[in-house]
Amino acid sequence: MKLFDPHGFGSSVVSYAGLLEKIEILRSTLRWAPRLERTDIEKLLNQSNALREEVMQLSRKERFVEAAAEAPEALDALARPDAITPAAHRRREALIERSFIFEGIFGDNPKLLAALEIAEKAAPTDLPVLIDGESGTGKELMAKVIHANGARADRPYISVNCGAIPENLLESELFGHRRGAFTGASSDRKGKFESAHTGTIFLDEIGELPLQGQVKLLRVLEAHEIQRVGSDEPIGVDTRIVAATNRNLRELAAQGQFREDLFYRLSVIHVTLPALRERNDEIPLLIAYFGDEAAAQLKRRPLKLTPKLRDFLLTYAYPGNIRELRNLVYRLSCLAGETADIEHLPDDIRPKSAALALRAVEAEAAGAPLSLSDAKRAASDEAERAFLERGLQETGGTVAELARRCDMNRSHLQMLLKKHGIHSKDFRHAEKVNHEKGS
Ligand SMILES: Nc1ncnc2c1ncn2[C@@H]1O[C@H](COP(=O)(O)OP(=O)(O)OP(=O)(O)O)[C@@H](O)[C@H]1O
Ligand SMILES: [Mg+2]
């Protein structure tokens, strides 16, 4: 069911009106009931919880659409010149206008938009979809997008993590079992495929499915029926399959670890999600978006970032992709006061010089003397960093010019900049802004 239509006031009112009507029905049930049995109370409670969830979803979607519309302004504070192109913005707006449900997927990167456009076309069909991409790139969100935009949106959505089920339970988990089929099978049990009947089954981490499970899955895809473990009776299932993996299934197939025929069956539609480093122009936008989200959730004012931390966040490699970025922003919002700085980063990713300097400050505060070599290294790193930043400021971010002025080898200078996570182009932009302000 599409609750929220961002087209305009009228359709949004219909969504809220629908919810109000449901609330009214609940209220009058309560008002006119002569007495309520325990089971009735439980039923009403469940209905009211479901309503609360619907209201939350509606407001999340509304917030998302608002944020999407405001994105270019939100960027101003953190802007980089290459961040958003009008063409990309128009593509996203076109999706919004077609009432596409994003399920919280945020961004304007052309590769991401291409993936969303494929999802939009694939969603109304029953064709299997394979989603791949590194960990934390939004594969699970994308599976929900495909379900939510399709004709089965009001039907069950069942998610199975193929990597988390022990091999001996796999068949029973997916296809169910008859009572007595094996020790411990004390009653008949439905499997995930039956539960997903008429809806969508999301087979996450499909690359982890053992070969034996792959054979069984192939049969379901071909015959559209399953057999519970311990039963000969075939049961028809009408289930749309969406699978995801962070592994290269084609390569696994070439190595004989994944059945090639299953790969082709699953990947009729193939969607690849870009890693965050392929869309790092969007990091400012995502920081702003998750910053607002964290502020709302933690009931606090949106976080401010020191320039050093901002530089770090814009240039960090994010091996955990958007999940890592989102978690970082939440962490910073929780641990920092008004303004977050490098010191609020987790130890394992904090730049070395800052970590040493911080250790020096902490040790000093605790009255414990630092080792002399640590203290020297921290001071020298800090001095080096300050020197490089001042130099880039003065040369408007031109590394070659700085190398010339300091009589240094350019590649050695590049290496030092890398070590400190300093990006010369940030200084080019700063200078341009200062220049524009001055003119
Ligand atoms: N484009 C996006 N916009 C907003 N949030 C996103 C986006 N992509 C991912 N996220 C957020 O990042 C987190 C990880 O997303 P998700 O679980 O879908 O990734 P995944 O690819 O399935 O990861 P894994 O391979 O580790 O299972 C979630 O909190 C999700 O909300
Ligand atoms: Mg996942």
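Around ligand 1 in this predicted model, the surrounding shell holds 16 residues, and those that come nearest are Phe106, Ser135, Gly138, Lys139 and Glu140. Two elements, α5 (139-148) and α13 (321-335), each give two or more residues to this shell. In character, the shell around ligand 1 divides into 8 polar, 4 charged and 4 nonpolar residues. Two domains take part as well: domain 2 (109-274) and domain 3 (281-350) each supply at least three residues to the shell around ligand 1.

A good next stop is strand β8, which spans residues 240-245. Of its 6 residues, 6 are buried, so β8 is largely enclosed by the rest of the structure. In a regular strand, side chains alternate between the two faces of the sheet. In β8, Arg240, Val242 and Ala244 point one way, while Ile241, Ala243 and Thr245 point the other way. Residues of both sets are buried, and that includes the charged Arg240.

The partners of β8 can now be added to the picture. Strand β1 (residues 129-132) runs parallel to β8, and 4 bridges join the two. Within this pairing, Asp132 of β1 stands opposite Thr245 in β8. Strand β5 (residues 200-204) is likewise parallel to β8 and is joined to it by 4 bridges. Here Phe202 is the residue that stands opposite Val242 in β8. Val242 and Thr245, the two β8 residues named in these pairings, point opposite ways from the strand, and both are buried.

Key: Residues are numbered from 1 along each chain as its sequence is written. Chains are lettered from A and ligands numbered from 1 in the order in which they are written. This is a predicted model: local features need pLDDT of at least 70, side-chain atom pairs count only at pLDDT 80 or more; totals for chains, interfaces and linings use all residues. A residue is near a molecule or strand if its C-beta atom, placed from the backbone, lies within 6 Å of it. Domain bounds come from an automatic or database domain assignment. A residue is buried if 20 or more other C-beta atoms lie within 10 Å of its own, exposed if 12 or fewer, and partly exposed in between; C-beta atoms are placed from the backbone. Two strands pair if DSSP finds at least two bridges between them.
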